[in-house]
Amino acid sequence: MSRSLRILHLEDDPMDAELVQMTLVSEGIECEVQVVSRREEFQVAIERGGIDLILADFALPSFDGMSALGLVRALHPDLPFVFVSGKLGEEAAIESLKSGATDYVLKSRLSRLAPAVQRALTEAKEHAKQRRTEQALERAYAEIEKRAEDYRNLFSSIRDVIVVADQGRRILHVNQPALRETFGYEVEEVVDRSAGILYADEQEFESLGRDVFDVAGSVEGRLMEVKFKRKNGEIFDGEIYALKRLDRFGVPTGNIGICRDISERKKAAAALRESEMRHYQLQLELHYAAEIQAKLLPRSYPSIPGFELVARCLPAKQVGGDFYDWQEVSSTLFNIALGDVMGKGMAAAMLMATARAALHAVTLYNSPGQALHLAENSLLPDLENSESFVTLFHGQLDAARRTLTFVDCGHGYVFVRRADGSVETLSPRGLPVGVQSGQVYQEGTVQFAKGDVLVLFSDGLIDANPLLELTNKILARNLAGLHSAQEMVDRLVGLTGMPDPQPDDITVVVLRCVA
């Protein structure tokens, strides 16, 4: 069943109030009527809400209907308000309607009350519906405005220049500040002008038009490099993605060009190509340098009566600062050397070649001590200029006497493993070549017996895997059970684990007495 109509009736005469309610009920209007006569009661009822209709006398001793109407309209703009008064002049009636009253009925003509109430309720529903529609339209309009503002902000925020043109390539829209930053124009300077104002080459402008912009139908977008021109006449390398502007049905309505300044990108690409070329040339030079350095090392092992000699050098980079060398002085005398230039790479490799050549030139006819003295005189200027030094071990092996006379210039990475497994270090030791000018190099001597092994290596063998703590004793212990110098070299190099990258050059020389 339908809900009873809730009515607030502003009336100070109980008899009139009862008559009004009886009239409504007699017309089939089920209602619940709350009768008030004072302003305070009326205001409380209005603020409490839940009222469908206001009926009000026009004039009351303590409160008037127009004041009540103003109060209602301030709180409930769409609430039906009907004046029911004993006397209401024409001017007052018109004023009440202008102020927002829905209708008015004279008490002497209550037969009009039910139709007036029905009309007021109907109008209230229509007003409420209209207000909801207006509010929905306002929300929709606000949303449209917000989206339009978002699109405008997005359009303006894009750093590429977006040129929107008609079918004749006349500029309609363009985004700022990208236009100003790229071309130096303000929007009003280009709108309604041909897009050709942005191009440096008229032929490129026309070519792009023939391929995309002047085509009547829809075509795929095209990306191409062009020469653009700024407002000040400066020409720069640009890139444009040209495509048709389509409506929601896919019908072309104009053109869009997305323009970008790629001059810095092209400079960077050119610089990268140049850098890659230099890198390639450097790698090629390093490859050749590595080949040359490898050829500087002995290419075969000498045939030494009663001894076998094996060596191996692994540069940390393509070229390195380590070297080993030997010379046959006579059928029983052989010079053996290992050097380590401070550092690694190309600089160390250049000093390595110099040090090897200097040593090679003086060892053939001089004792080890005298040879090192002469080599130092030759190398000292280059080592001082490069602020570098070289550690060297140089010895002369007398195979007939099984003795090695040597000079250790700050190298120290050498020991003798006797046949019984004991380990001996060699002394004396001097300073590296290049550290002190005019130093006297003292010679030492080693006597060999069958099964004794001289192990000579660079610090790269130790540095390759510091966790192993490869002392002379540990290295010597790893040679137990091996029966050739080649096996020993391979075992020592294998101890490093061959790290990648390799921290330093690794060089190992093994001299084994076999008879």
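Student: What makes M277, Y280 and L284 a nonpolar patch on the surface?

Tutor: In this predicted model, M277, Y280 and L284 together have about 300 Å² of accessible area. Patch residues need over 30% relative accessible area and no salt bridge. L284, in helix 9 (residues 263-296), has 32%, so L284 passes that cut-off.

Student: Why is L284 called partly exposed?

Tutor: Exposed requires over 50% and buried under 20%. The 32% of L284 lies in between, so partly exposed is the class.

Student: How do you know that E264 forms a salt bridge with K267?

Tutor: The closest N and O atoms are 3.7 Å apart, and the cut-off is within 4 Å. Both residues lie in helix 9, three residues apart, about one turn of the helix. E264 is exposed at 55%, and K267 is exposed at 53%.

Student: What makes R418 and D452 a salt bridge, and are they buried or exposed?

Tutor: Their closest N and O atoms are 2.8 Å apart, which satisfies the limit of within 4 Å. R418 has a relative accessible area of 15% and D452 has 3%; buried means under 20%, so both count as buried.

Student: Why is this pair said to tie together separate parts of the sequence?

Tutor: R418 lies in the loop between strand 16 (414-417) and strand 17 (423-425), and D452 in the loop between strand 18 (444-447) and strand 19 (453-457), so the pair links parts that are 34 residues apart in sequence.

How values were computed:
Residues numbered from 1 in each chain as written. Predicted model: local features only at pLDDT ≥ 70, side-chain atom pairs only at ≥ 80, totals over all residues. Heavy atoms only, no water. Patch = residues over 30% accessible without salt bridge, like charges linked within 9 Å, V, L, I, M, F, W, Y side chains within 5 Å. Areas by Shrake-Rupley, 256 points an atom, 1.4 Å probe, with all protein chains shown as cover. Salt bridge = Lys/Arg side-chain N within 4 Å of Asp/Glu carboxyl O. Helix = DSSP H or I, 4+ residues; strand = E, 2+ residues; numbered from the N terminus. Buried < 20%, exposed > 50% of the residue type's maximum accessible area, 1.4 Å probe, protein only.
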